[in-house]
Amino acid sequence: MTLRAASVLWSLIIIVGAVIGLYATFVAIVAIPALQNQVVYLNKVTLTWFQDVSVPEQWGFLRNQVTPFTLETVDGESLHAWHILPLGFYQRHEDALTREPAGIAHDITDRLCFQLLRDDPDSLLVLYFHGAAGTLGSGWRPPSYRAMSAASPEKIHTIAIDYRGFGSSSGSPSEDGLLVDATTLADFALNTIGIAASRIVIFGQSLGTAVGISLTHRLATMPEPTLFNGMVLVAPFADVELLTATYRVVGTIPILDPVARFPKLLTLLNSFIISKWASKDKLAAFVRHVEHLGQKRQTYHITIIHAEDDYDVPWAHSEKVFGHAVNATSATGTSFADTERYKSQFGQLLGAGGRIVEWKAERGLIREEITKYGLHDRIMSYPVVSMAVARAFQSIVQDVS
Ligand SMILES: *[C@@H]1O[C@H](CO)[C@@H](O)[C@H](O)[C@H]1NC(C)=O
């Protein structure tokens, strides 16, 4: 065999190998819905093995600073939840709190944390939606609960849930199911605690941003709209379609990058993926809807935060989400090129601190913060998030109508 023939043969083997590899990935993902869900939700990757989410002290919380409880959904699932008290507030009630029995609350309404939150007219509440994989206690989530209230430790309570199929919650995840779960949490806050939507901020990270956006959109578009005071989205993705093209397993392996090089193949692949999570479109639809509600007050406050060194979900996703939201603020729209021009003219450059741009519309504000550092998860525990939550609450709006 000549050298030339050998190299042609090798090329052929590589091509055939690559095609088979591609095909295997493709088939594995599309053919097995459970595996598909694993790619999107990773809910079986617990990350808190040998730890018990009904004992929050394991993550360094004080006795009864976090109260585990369950929420029942309308479709019969039971969701594990945490009510996390801010430290200043905890300190004020420390004696009474430490005297209470600890552990999972069978009836949360009997517990002091619930009663104190319900009866305090100054209290504020973050509804927290975590990302894919793990549980309420995984990774950077526990420190991020502390970050929620860091800028206002007297007032800001947090309630977080494990979605269906995650941790000790029942069921298995789906796009519709997670929206039911989020709605269950919102209903608990609004109707069982009885806290006004104007004292609630939605926080989401990664997958949680899609859940938070879906919830916000759903409640705003009801015949009797409910509008939360604000929304903080950390490391959002534009939609699953773009996510599959750019997602990196464990932050390093761009698993579908070979497929993504063939746009038609990627479109085909995406057509098999059940979960769409069209965040950019839903957020735009929410903004468009609220702009048309014609209420004479600011009614949305959206902060998008993304780190440049996020290797799981590239920050280009946030640029897309921001662009779509901005475009939805006016009837005529704003092209992405105009948005880019606006950014370079009015954006604030903070050097190693990243950059910020704010878009003020008739009825609301959309803010984008791109930090240089923070990775995908760690950033949730950073001051930039504490500040964003505080700012979202401070936007509590004088009703001028
Ligand atoms: C931008 O907004 C305009 C007007 O609402 C709309 O027609 C257009 O489809 C939007 N563009 C994108 C990319 O969503």
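**Close-up views of strand 7, helix 7 and the nonpolar cores**

**View A. Strand 7 is joined to strand 10 in this predicted model.** Strand 7 and strand 10 (residues 364-371) run parallel and are joined by 8 bridges. Within this pairing, isoleucine 302 stands opposite isoleucine 366 of strand 10.

**View B. Strand 6 also pairs with strand 7.** Strand 6 comprises residues 230-234, and its pairing with strand 7 is parallel, over 4 bridges. Valine 234 has isoleucine 305 of strand 7 as its bridge partner.

**View C. Strand 7 is covered on both faces.** On one side lie Tyr300, Ile302, Ile304 and His306, and on the other His301, Thr303, Ile305 and Ala307; all are buried. Because 8 of the 8 residues of strand 7 (residues 300-307) are buried, the strand is largely enclosed by the rest of the structure.

**View D. Two separate nonpolar cores are present.** The largest nonpolar core contains 71 residues, of which Phe129, Trp277, Phe286 and Ile302 touch the most other members. Helix 7 (residues 175-193) gives the most to this core, contributing 9 residues. The second core, of 29 residues, includes Val126, Leu136, Tyr145 and Ile305.

**View E. Helix 7 is largely enclosed by the rest of the structure.** This enclosure follows from burial, because 15 of the 19 residues of helix 7 are buried. From its first C-alpha to its last, helix 7 reaches 26 Å, close to the 27 Å expected at 1.5 Å a residue. Glycine 194 follows helix 7 and has a positive phi, near 80°.

How values were computed. Residues numbered from 1 in each chain as written. Predicted model: local features only at pLDDT ≥ 70, side-chain atom pairs only at ≥ 80, totals over all residues. Heavy atoms only, no water. Buried < 20%, exposed > 50% of the residue type's maximum accessible area, 1.4 Å probe, protein only. Helix = DSSP H or I, 4+ residues; strand = E, 2+ residues; numbered from the N terminus. Pairing = 2+ DSSP bridges. Core = buried A, V, L, I, M, F, W, Y, C linked by side-chain atoms within 4.5 Å. Expected span 1.5 Å × (residues − 1).
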